[in-house]
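Please look through the structure shown here together with its sequence. The paragraphs that follow take up a few places in turn, moving from single residues to pairs and networks.

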Amino acid sequence: MREQGKLPGEARDEVHLAAESAARYAAHGGRLGGETQPLESQGRFGYTLRRPLGVAALITSWDLPVARPAAEIAAALVAGNTVVLKPSTLTPGTAALVVRCFVDAGLPPGALNVVYGRGGELGAALLGHPAVRAVSFAGSPASGREVCRQAAAHGIRARCAPGGMNPAVVLEDADLDLAVAGVAAGAFGSAGQRRAATRRVILLHPVADAFLEKLVGVASRMRLGAGADAGADMGPLAGEEQLRAVLAHIAAARAEGAELLYGGTRATQGALARGFFLQPTLFDRCRPEMRICREVAFGPVLAVTRVESFEEALAAANTTPGAPAASLYTRDAARMFRFIDEIEAATAHVNAPTLDAEALSVGDTALDFYTETRAVSINYSR
């Protein structure tokens with residue numbers, strides 16, 4: 001709460017998620033076996049082993065400073081690797097506490113290490129070290145592309161979890177109250193500073209006005225406050241640099257003709273003037289070519305696009321492929337399954353916020369990433 005600005009409830013939820021992830025990976029520790037394989041040649045027996053890679057470098061972001069490093073550390077360690085964690089410069093103290101939890105649990109010296117520094121220089125040093133065999137990255141899309149480029153140059157495994165323009169689609173048959181609550185939670189939870197936060201909402205024309213009237217009402221009633229304020233609905237942005245970046249996105253949306261429905265300015269009333277608080281912000285009639293529909297603002301800013309059909313809604317949702325998450329609000333089972341089949345996002349949720357999918361993004365496939373398969377062939381013929 002002190003470093004990142006999360007509200008108490010958000011911080012508790014993240015700690016619980018971290019504990020659940022660590023427990024899930026620990027349960028797999030004794031089951032990281034291979035499989036037997038029938039071989040064509042008579043008198044031969046084949047099987048596979050799953051082996052650790054060696055040293056794993058974890059470069060994590062500040063949006064989930066507890067849950068993401070805890071899950072990645074647990075997966076890498078359970079798979080048998082040693083770990084070097086490079087946390088965000090915005091949340092160094094939180095990272096130290098996460099590492100302390102693992103050390104206090106009995107890790108041997110050297111199994112888990114943490115290094116601090118700016119991402120570009122330190123990341124390049126980690127990826128260029130001959131002992132590092134895998135890198136897991138969470139952060140901006142541009143930085144993710146650079147990490148993947150360097151990993152490929154050094155021949156090491158890489159997986160990146162950048163943020164994206166996560167869409168929520170609301171159809172004409174949706175439960176509007178459920179949809180409004182889910183979109184508000186996805187767009188404004190953690191002040192919009194989550195990789196799976198809702199960035200765009202795509203509305204079918206028949207429900208657009210009613211939906212937006214309800215959503216503006218929710219935004220106008222939100223109470224801003226510091227991380228220690230148990231009565232607040234939304235906390236601050238992570239720092240002055242982050243605030244300036246989000247305000248630049250807002251200025252660009254205005255310049256390109258988006259209609260501001262609510263917010264759009266820094267909150268400066270009373271004690272809020274001493275922090276980096278931004279009003280929940282809602283833009284209507286946004287077009288796909290606008291910056292607000294193409295680039296992540298990483299703040300409590302939501303872009304609204306109106307469409308006339310489900311086909312148009314699906315096409316609009318897919319104008320920015322590769323999103324971490326997408327949501328659909330509907331009662332129609334046929335369109336629900338078509339959305340699941342055709343949406344270009346890592347995870348899909350129906351009648352739930354995009355943030356709900358975040359817990360699945362570092363699922364049990366992480367253990368496959370942190371191990372390699374060794375094939376064994378034994379000739380027992382005379």
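**A walk through the model**

Ile378 is found in strand β15, which covers residues 371–379. The model in view is a predicted one, and the values given here are computed from it. With a relative accessibility of 37%, Ile378 counts as partly exposed, since the range between buried and exposed runs from 20% to 50%. Together with Phe45 and Tyr380, Ile378 makes a nonpolar surface patch of about 310 Å².

Phe45, another member of that patch, leads on to the aromatic rings. Like Ile378 it has a relative accessibility of its own to consider: the value for Phe45 is 37%, and Phe45 therefore counts as partly exposed. A search of the whole structure for aromatic pairs finds 3. One of them joins Phe45 and Tyr47, whose ring centres lie 5.7 Å apart and whose planes meet at 35°, so that the pair is classed as tilted. Tyr47 is partly exposed because its relative accessibility is 26%.

A further aromatic pair is formed by Trp62 and Phe298, and here the arrangement is edge-to-face, with 5.3 Å from centre to centre and 90° between the planes. Which parts of the chain does this pair tie together? Trp62 lies in the loop between β3 (55–59) and α2 (67–78), while Phe298 lies in the loop between α9 (291–294) and β12 (301–307), so the pair ties together parts that are 236 residues apart in sequence. Both Trp62 and Phe298 are buried.

Rings also take part in arrangements with charged side chains. Arg24 lies over the face of Tyr25, at 5.1 Å from the ring centre, and in a similar way Arg159 lies over the face of Phe369, at 5.3 Å from the ring centre.

From here the path turns to helix α6, which spans residues 176–188 and has Leu176 in it. Is Leu176 buried or exposed? Its relative accessibility is 17%, and because buried means under 20%, Leu176 counts as buried. When neighbours within four places in sequence are left aside, Leu176 is in contact with Val170, Val207, Ala210, Phe211 and Lys214. Leu176 and Tyr329 are 153 residues apart along the chain, and their C-alpha atoms are separated by 8.4 Å.

Lys214, one of the contacts of Leu176, also opens the subject of salt bridges, of which the count comes to 19. Lys214 forms a salt bridge with Asp177, and the closest N and O atoms of the two are 3.0 Å apart. Since Lys214 lies in helix α7 (residues 205–221) and Asp177 in helix α6, the pair ties together parts that are 37 residues apart in sequence. The two partners fall into separate accessibility classes: Lys214 counts as partly exposed because its relative accessibility is 36%, whereas Asp177, at 52%, counts as exposed.

Another salt bridge brings together the side chains of Glu259 and Arg285, at 3.4 Å from N to O. Glu259 is in strand β10 (residues 259–262) and Arg285 in the loop between β11 (281–284) and α9, so that this pair links distant parts of the chain, 26 residues apart. Glu259 is partly exposed, with a relative accessible area of 37%, and Arg285 is partly exposed as well, with a relative accessible area of 46%.

The side chains of Arg306 and Asp284 likewise meet in a salt bridge, at 2.8 Å from N to O. This pair, too, links distant parts of the chain, with Arg306 in strand β12 and Asp284 in strand β11, 22 residues apart. Arg306 and Asp284 are both buried. These four residues, together with Asp209, are linked in a network of salt bridges, its members being Asp209, Glu259, Asp284, Arg285 and Arg306.

The last stop is Ser327, which is found in strand β13 (residues 323–329). Ser327 counts as buried because its relative accessibility is 1%. Which residues is Ser327 in contact with, leaving aside its neighbours within four places in sequence? They are Pro167, Ala168, Val169, Phe339, His349, Ala352, Pro353 and Thr354. Asn351 stands 24 residues from Ser327 along the chain, and the C-alpha atoms of the two are separated by 6.9 Å.

How values were computed
Residues are numbered from 1 along each chain as its sequence is written. This is a predicted model: local features need pLDDT of at least 70, side-chain atom pairs count only at pLDDT 80 or more; totals for chains, interfaces and linings use all residues. Side-chain values use heavy atoms; hydrogens and water are left out. Helices (H or I, at least four residues) and strands (E, at least two) are DSSP runs, numbered from the N terminus. Buried means under 20% relative accessible area, exposed over 50%, partly exposed in between (1.4 Å probe, protein chains only). Contact means heavy atoms within 4.5 Å. Patches are made of residues with over 30% relative accessible area and no salt bridge: like charges are joined within 9 Å, nonpolar side chains (Val, Leu, Ile, Met, Phe, Trp, Tyr) within 5 Å. Accessible areas come from the Shrake-Rupley method with a 1.4 Å probe; for residues, only the protein chains shown count as cover. Rings of Phe, Tyr and Trp (its six-membered ring) pair if their centres lie within 6.5 Å; planes under 30 degrees apart count as stacked, over 60 as edge-to-face and the rest as tilted. A charge sits over a ring if NZ of Lys or CZ of Arg is within 6 Å of the ring centre and within 35 degrees of the ring normal.
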